[in-house]
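Visitor: I'm new to this one and would like a close look at a single part. Could you show it to me first?

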Amino acid sequence: MSDSLDAYLVLAGILFAIGSFGFLARRNAISMLMSIELMLNGVNLSIVAFGAFIPDLGAQGSVIALMVMAVAAAEATVGLAIVIAIYRNKRTPLVDEYDAMKQ
Amino acid sequence: MVRRLIPIILGLALLGIVTGIAAVMIVFLGQDWGDALFWIFAATMIGSGLLVVTMRDIIRCGLAMIVCFGALAGIYVILGAPLIAAAQVIVYIGAISVLILFAIMLTQTKDAPSRLVFQTQAVPAAIASVVIAVVIALSIAATDWNEAAERVRVATEAMSQLLFEQFVLPFEIVSVLLLAAVIGGVFLAKREPGGPS
């Protein structure tokens with residue numbers, strides 16, 4: 001089982017689906033950011049799996065996965081800073097109470 | 001109190017069941033260690049991932065996320081990419097998890113309604129994500145990837161050659177992006193003089 005590409009890809013797909021559920025369903029903004037991290041990890045797993053199983057790719061899969069990690073770190077930094085800035089004004093981390101643009 | 005423990009008990013039960021199945025696979029069915037480790041890490045990853053999106057207490061969600069990332073690092077090792085596994089441990093477990101836990105502790109309020117964890121659209125979201133998982137699995141099963149029969153172990157030396165020769169421009173751009181993100185994060189989270197609290 002650990003020698004087939006399909007197993008890793010299905011695993012990555014399941015992780016991505018879990019992350020998308022969390023992003024759509026949670027109320028807390030930080031929970032939504034954690035779900036985005038789960039989705040990015042699922043994509044990263046699929047990239048590394050392709051790099052490990054397709055000989056033409058060689059080491060490119062790992063290099064691209066490192067780039068994705070760096071961009072994910074940047075995204076987490078800016079996203080959490082935005083959440084903290086909103087929290088300072090609205091005093092709540094729940095996204096359904098961020099309705100200033102609806103009023 | 002008992003109801004709060006239900007997700008944890010379910011997760012531990014899932015982990016125990018899959019570990020038992022892996023042990024049975026090794027001892028009785030003669031599978032090798034790679035498969036058993038793959039199953040254990042996969043079950044840990046999916047179980048703790050489900051705990052991340054379903055648990056009530058958000059601190060525990062963050063801790064379950066660390067477990068999920070650790071299991072994923074183990075899967076990278078099985079895949080033969082040890083440098084990616086090391087980067088996963090350093091970047092995700094070391095940096096991003098700590099950042100998220102700090103943000104959780106900065107934004108937790110005691111009077112926040114803790115019983116409403118999900119939006120009203122939770123059931124359609126669950127259906128949609130199950131559909132996503134099924135569609136991805138079906139399309140993976142239906143596609144011929146033209147893959148090698150064996151895993152190719154990624155040599156760290158070849159990878160670093162590639163990173164610093166062919167991919168040197170994206171590498172530098174990523175470093176500029178990280179610098180911009182650091183400055184932007186400091187600017188956004190900075191307390192304005194005279195602003196609210």
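How many residues of chain B are in contact with how many residues of chain A? Please take me through that side of chain B and whatever connects with it.

Guide: Happy to. Keep in mind that this is a predicted model. Where the two chains meet, 67 residues of chain A are in contact with 78 residues of chain B. On the chain B side, at least two residues each come from α2 (33–54), α3 (58–78), α4 (82–107), α5 (122–142), α6 (156–165) and α7 (168–189). Sorted by class, that side of chain B has 62 nonpolar residues, 12 polar ones and 4 charged ones.

Now let's zoom in on a spot where chain A reaches this side. A:L15 sits in helix α1 of chain A, which covers residues 5–25. Leaving out residues up to four places away in sequence, A:L15 touches B:M45 and B:G49 from chain B, along with A:L38, A:N41, A:G42 and A:L45 from chain A. Is A:L15 buried or exposed? It counts as buried, because A:L15 has 26 C-beta neighbours inside 10 Å and 20 are enough for that label. For a sense of scale, go 40 residues along the chain from A:L15 to A:P55: their C-alpha atoms are 25 Å apart.

Back in chain B, pick out two of the helices that supply residues to the side touching chain A, α3 and α4. Their axes lie 8 Å apart, and α3(B) and α4(B) pack at an angle of about 175°. So α3(B) is roughly antiparallel to α4(B), since any angle over 145 degrees earns that description. On the α3(B) side, the residues making the contact include B:I58, B:G62, B:F69 and B:Y76. From α4(B), the partners include B:P82, B:Q88, B:Y92 and B:I104. This helix-to-helix contact has 18 nonpolar residues and 4 polar ones, with no charged residues.

Step back and look at chain B as a whole. It is divided into domain 1, residues 1–106, and domain 2, residues 155–197. Taken over C-alpha atoms, the centres of these two domains of chain B are 28 Å apart.

One last stop, over in chain A: A:R91, in the segment after α3 (60–90). Its phi is near 60°, a positive value in a residue other than glycine. A:R91 is partly exposed, because 14 other C-beta atoms lie within 10 Å, whereas A:L15 is buried.

Technical notes. Residues are numbered from 1 along each chain as its sequence is written. Chains are lettered from A and ligands numbered from 1 in the order in which they are written. This is a predicted model: local features need pLDDT of at least 70, side-chain atom pairs count only at pLDDT 80 or more; totals for chains, interfaces and linings use all residues. Domain bounds come from an automatic or database domain assignment. Helices (H or I, at least four residues) and strands (E, at least two) are DSSP runs, numbered from the N terminus. A residue is buried if 20 or more other C-beta atoms lie within 10 Å of its own, exposed if 12 or fewer, and partly exposed in between; C-beta atoms are placed from the backbone. Two residues are in contact if their C-beta atoms, placed from the backbone, lie within 7 Å. Ala, Val, Leu, Ile, Met, Phe, Trp, Tyr, Cys and Pro count as nonpolar, Asp, Glu, Lys and Arg as charged, and the others, Gly among them, as polar. Axes are lines fitted to C-alpha atoms, for helices over the stretch in contact, and angles run from 0 to 180 degrees between N-to-C directions. Angles under 35 degrees count as roughly parallel, over 145 as roughly antiparallel, 65 to 115 as roughly perpendicular and the rest as oblique.
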